[in-house]
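This report is meant to be read with the sequence and the three-dimensional view side by side. Please keep both in sight while following the sections below.

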Amino acid sequence: MLEDIEKELRKKMIQVLESDFDPAHDIFHVQRVVHNAKIMSLQEGANLNVVIPAAWLHDFVNIGKNDPRRAIASKLCAEEAIKYLTEINYPKEFYSAIYHAIEAHSYSAGIAPRSLEAQIVQDADRLDSLGAIGIARCFTVGGRLSRRIYNDQDPLCRVRTLDDSKYTMDHFFRKILKLAEGMNTNFAKKEAQKRIQIIFDFINNLEAEITLSNI
C-alpha cells in the first residue's frame, strides 16, 4: 500500500513544487527528507503510515522565508496536506498524527514534537539544512532574497549584531549552527555532528580566503 501511495505523493509534490519553484525547497529536498525519515523510522520503530506522508507533504505550501506568514507556514502545510489525503482516501486514523508531524517540523513555528513520528520528520528536515547540501541551500535562499554573502567589516559577526536579513553568513550563526542541539533521534544527533563539522570547515576556509582578498 505505502509503495503505491508514495508514487502518488511524489507525483503530487512535483506538481505543487514546480508551480512555485524554489530551488532550496524542490522535489530533491523532499526526497532527501523522506530518505532520512525512513532510515530513522526503521531504527526507532516509528509508524511509517504517519512518517511517509508527513515527510512527503511537509512543504505542501511554500511560504517564503521573508513572508509575514512564515511562523504559520507549517500549519498551513498541515491543513492542505490533510485535505489532499482526504481526496485520495488515505486512512483517516492517521490524520491527526500526520497533521502534528507536519506542523511541528518547522523551526519558525517553534512547536515541540509530541510523537516519535513528529520528531523524525523534524530531524529529517533539519538535517537537510546542515552539511554541504545545507550550505548550498542557505546561499540559494540568500541569493533569492538579494542578501549579501557577508559583511566585509565583520564577516563572522564577532562584534556586531547578527542581521541575516542582510547577510547570508549571519544565518549560519543565528540558526543553522544551532540545529544540531535540537535533534531528537540518535541517528540525527550523530549525523548532525558530521554535517556541522563540514559547515565549520567551510566557515574557516571562507574566512581565510576573504582575509587574503582584503590585504
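## The core around L57

The model described here is predicted. A useful place to begin is L57, which has contacts with L9, M13, A81, Y84, L85 and I102, leaving aside neighbours within four places in sequence. L57 is also one of the residues with the most contacts inside the largest nonpolar core, together with I98 and L130. In total, this core has 57 residues.

Which helix gives the most to this core? It is helix α9, residues 186-213, with 8 residues. The core also draws at least three residues from each of domain 1 and domain 2. As general background, nonpolar side chains tend to be buried together in soluble globular proteins.

## Two domains in contact

The domain assignment gives domain 1 as residues 1-112 and domain 2 as residues 130-214. Their C-alpha centres lie 25 Å apart. The contact between them takes 15 residues from domain 1 and 15 residues from domain 2.

## The crossing of α3 and α5

Helix α3 covers residues 48-57, and helix α5 covers residues 95-103. Their axes come within 9 Å and cross at roughly 45°. Because this angle falls in neither the roughly parallel, the roughly antiparallel nor the roughly perpendicular range, α3 is described as oblique to α5. The crossing is right-handed.

Which residues make this contact? From α3 they are N49, V50, P53, A54 and L57. From α5 they are A97, I98, A101 and I102. L57 and I98, named above for their contacts inside the core, thus appear again in this helix pair.

## Two buried residues: N36 and T168

N36 lies in helix α2, which spans residues 27-44. Why is N36 counted as buried? Its relative accessible area is 8%, and the term applies because the cut-off for a buried residue is under 20%. Not counting residues up to four places away in sequence, N36 touches A124, L127, F187 and R195.

T168 is placed in helix α8. With a relative accessibility of 2%, T168 also counts as buried. Residues up to four places away in sequence being set aside, T168 touches C138, F139, G142, R147, R148 and I149.

## Two partly exposed residues: Q119 and L145

Q119 is found in helix α6, residues 116-127. Is Q119 buried or partly exposed? At 23% relative accessibility, Q119 counts as partly exposed, because the buried class ends at 20% and the exposed class begins over 50%. Q119 touches P113 and N184, again without residues up to four places away in sequence. Q119 and A188 are 69 residues apart in sequence, and their C-alpha atoms are 10.0 Å apart in space.

L145 is found in the loop between α7, residues 131-144, and α8, residues 168-174. Its relative accessibility of 26% makes L145 partly exposed. The residue Q31 is 114 residues away from L145 along the chain, and the C-alpha atoms of the two are separated by 24 Å.

Conventions
Residues are numbered from 1 along each chain as its sequence is written. This is a predicted model: local features need pLDDT of at least 70, side-chain atom pairs count only at pLDDT 80 or more; totals for chains, interfaces and linings use all residues. Side-chain values use heavy atoms; hydrogens and water are left out. A nonpolar core is a set of buried Ala, Val, Leu, Ile, Met, Phe, Trp, Tyr and Cys residues joined through side-chain atoms within 4.5 Å. Buried means under 20% relative accessible area, exposed over 50%, partly exposed in between (1.4 Å probe, protein chains only). Helices (H or I, at least four residues) and strands (E, at least two) are DSSP runs, numbered from the N terminus. Domain bounds come from an automatic or database domain assignment. Contact means heavy atoms within 4.5 Å. Axes are lines fitted to C-alpha atoms, for helices over the stretch in contact, and angles run from 0 to 180 degrees between N-to-C directions. Angles under 35 degrees count as roughly parallel, over 145 as roughly antiparallel, 65 to 115 as roughly perpendicular and the rest as oblique. A crossing is left-handed if the near helix is turned anticlockwise from the far one by less than a right angle, and right-handed if clockwise.
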